[in-house]
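The following paragraphs lead through one protein chain, from its overall dimensions to a local detail of its strand pairing. Please keep the sequence and the coordinates at hand while reading.

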Amino acid sequence: MMADDSIRVPDARRKRIKRLKGYIVLTLLLFLLIPTALCLVLLIRVNRLGSALDGVKTDAAALEQLVREQDKALEKLAAEIEALTARTAELTAETQTLRAQTIQQENAESSGEPEVSGTEAVTVAHRVYLTFDDGPSAYTEEILDILDEYGVKATFFVVGKESDTAREAMREIVSRGHTLGMHSYSHKYSELYASQESFQEDFERIREYLYEVTGVWSTLYRFPGGSSNTVSEVDMKELAAYLDAQEVRFFDWNVSSGDGGRKLLSVDELTENVTENIGSHEVSVVLMHDSQDKPTTVEALRGIIEDILALDDTAILPITEETEPVQHIHYGSS
Ligand code: ZN
């Protein structure tokens, strides 16, 4: 009995130990397997993320490329718009020139052959003489260009300005076919109209000055303030008679643009002042000013010319020897 027991006990212990060993091995195995499995899973995920990142990088590069292409396209568009704008401006200028040429042609057709001294537009019902006083000024060149645009000739009653640009402008007036008239040398009423002598002195001075500068011996005069001015100390009829004796004719005006006043008139006001009565006159001598402080006169000029030329049976002409004068005062025996 004792012997049996002693054999059985170790047997049971061995079994228990074996079982324990089994547990330990299993536990160890589990400890090894779980991290390995986890590692594997992580590895796979890292790998996947890596390829996803590659994809994102490729997308980013493609986007960058796209942005660059669009930038280029935008630049190209901007250049095209700029070119189009320039072309539009060019076309507008061409249209304007064509319009001016058409008006010029129509004007030439309606007034017959180009005017020659002595055969002055006798066939036209309304003759309009644009006159510019007080120049030359910084605006003369622009005024001359506008007149050229419409093939229209005008008359400039200038004063004794002595700068190089003023002299050049006087020569331009003549060389571009306009009429050069005198408007006194000083344009100072108090000196000019102080006595017959001071008027004569000033008259001779402007006449000789214009001859010296342009070679033109002018036969046309416009009194500063007009022949009907009320500031002269001398009877204006005497001064008119004096001019007659010098074989000089004076011209007043019967249409005033109104630009001689202190208030600067608008383009619309000037245009209306000039054009409203032309239709009722056979001869319209239009008073305007070519001076530094009259910018709206220059701005209005194109519209004024176009409006006049659009009138029936009407021509714009320069004053010549044959033009019948418009005068505010009557003098002499007649
Ligand atoms: Zn004046």
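**From surface to strands**

In this predicted model, the chain exposes about 20,400 Å², of which carbon and sulfur atoms supply 57%. Buried residues account for 36% of the 334 residues in the chain.

The charged side chains may be considered next. The chain carries 32 positive and 58 negative side chains. The centres of these two sets are 34 Å apart.

As to secondary structure, the chain comprises eight helices and eight strands. Its radius of gyration is 49 Å, whereas the globule rule gives 20 Å for 334 residues; the chain is therefore more spread out than a compact globule. Taken along the principal axes, the box filled by the C-alpha atoms is roughly 185 × 45 × 35 Å. Turning to contacts, among those in the chain with a separation of 6 or more, 80% are between residues 24 or more positions apart.

A local example of strand pairing is given by β2 and β3. Strand β2 spans residues 155-158 and runs parallel to β3, to which four bridges join it. One residue pair can be named here: Val-158 has Met-182 in β3 as its bridge partner.

How are the two faces of strand β3 (residues 179-182) covered? On one side lie Thr-179 and Gly-181, and on the other Leu-180 and Met-182; all of these are buried, and both faces of the strand are thus covered. Met-182 accordingly appears twice in this description, as the bridge partner of Val-158 and as one of the buried residues of β3.

Notes
Residues numbered from 1 in each chain as written. Predicted model: local features only at pLDDT ≥ 70, side-chain atom pairs only at ≥ 80, totals over all residues. Heavy atoms only, no water. Rg over C-alpha atoms; globule rule 2.2 N^0.38 Å. Buried < 20%, exposed > 50% of the residue type's maximum accessible area, 1.4 Å probe, protein only. Contact = heavy atoms within 4.5 Å. Areas by Shrake-Rupley, 256 points an atom, 1.4 Å probe, with all protein chains shown as cover. Lys, Arg positive; Asp, Glu negative; His and termini not counted. Charge placed at Lys NZ, Arg CZ, Asp CG, Glu CD. Pairing = 2+ DSSP bridges.
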